[in-house]
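Open the model in your viewer and keep the sequence panel beside it. Each stop below gives a selection to make and then says what is there.

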Amino acid sequence: MNTDPIADYLTRVRNAIKANHRVVEIPASNLKKEITKVLFDKGYITNYKFEDDNLQGTIKIALKYHPVSKISAIRTLKRVSKPGLRKYAGVDSMPRVLNGLGIAILSTSKGVMTDKEARVQNVGGEVLCYVY
């Protein structure tokens with residue numbers, strides 16, 4: 001039984017990157033699907049595919065690497081808000097990751113989005129993770 005599915009998601013991706021895997025499979029949920037879409041839109045992963053098997057389903061993520069140096073596009077994935085201590089940020093206290101070079105993924109009332117999109121839409125929410 002997983003008590004923190006988002007931390008499990010991030011750990012699976014982190015482990016796949018350290019092992020230089022091209023594809024990683026993760027059990028699906030709606031929140032994980034939305035996080036995957038944000039990672040794809042921001043260019044951190046090459047592609048993704050949602051597979052439905054009439055149960056939970058899986059997410060297949062194709063990781064992105066530099067063609068010459070073989071360094072991953074994702075350097076760090078850090079979980080911020082945990083089940084034991086939730087972290088919320090308003091528009092005025094929105095975190096900036098690496099002075100704007102990274103992204104913070106937030107769960108807001110208008111859906112899952114990055115910190116920059118949340119500032120534009122003037123909404124706050126739960127800070128799920130940092131990606132850079």
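Select Arg 119, which is partly exposed because its relative accessible area is 28%. This is a predicted model. Add Asp 115: this residue is buried, with a relative accessible area of 2%. Both belong to helix α3 (residues 115-121), where a spacing of four residues puts them about one helical turn apart. Their side chains form a salt bridge, with 3.8 Å between the closest N and O atoms.

Nine salt bridges occur in the structure. For another within a helix, select Arg 12 and Asp 8, whose closest N and O atoms are 3.0 Å apart. These two residues lie in helix α1, four residues apart, again about one turn. Arg 12 is partly exposed at 34% relative accessibility, while Asp 8, at 17%, counts as buried.

Next, select Asp 4 and Arg 79, which meet in a salt bridge of 3.0 Å, N to O. This pair links distant parts of the chain, 75 residues apart: Asp 4 is in the segment before α1 and Arg 79 is in strand β4 (residues 77-79). Both residues are buried.

Now colour the sheet. In what order do its three strands stand? The order is β1-β3-β2, in an open sheet with antiparallel pairing. β1 (23-27) and β2 (45-51) are at the edges with a single partner strand each, so one side of each has no neighbour in the sheet. On average, neighbouring strands are turned by 20° against each other, direction ignored.

Zoom in on β2 and β3 (residues 58-63), which pair over six bridges in the antiparallel sense. Here Phe 50 stands opposite Ile 59 in β3.

Bring the helices back into view. Helix α1 (residues 5-18) lies across β1 and β3, and runs at about 165° to β1. α2 lies across β1, β2 and β3, at about 155° to β2.

Finish on helix α2 (residues 30-41). Its twelve residues reach 17 Å from the first C-alpha to the last, close to the 16 Å expected at 1.5 Å a residue. Which residues of α2 are buried? They are Lys 32, Ile 35, Thr 36, Val 38 and Leu 39. These residues cover an arc of only 160° around the axis, so they sit on the same side of α2. On the other side of α2, select Asn 30 and Asp 41, which are exposed. Just after α2, Gly 43 takes a positive phi of about 85°.

Terms used. Residues are numbered from 1 along each chain as its sequence is written. This is a predicted model: local features need pLDDT of at least 70, side-chain atom pairs count only at pLDDT 80 or more; totals for chains, interfaces and linings use all residues. Side-chain values use heavy atoms; hydrogens and water are left out. The expected span of a helix is 1.5 Å times one less than its number of residues. Buried means under 20% relative accessible area, exposed over 50%, partly exposed in between (1.4 Å probe, protein chains only). The arc is that of the directions from the helix axis to the C-beta atoms. Two strands pair if DSSP finds at least two bridges between them. Axes are lines fitted to C-alpha atoms, for helices over the stretch in contact, and angles run from 0 to 180 degrees between N-to-C directions. Contact means heavy atoms within 4.5 Å. A salt bridge is a side-chain nitrogen of Lys or Arg within 4 Å of a carboxyl oxygen of Asp or Glu.
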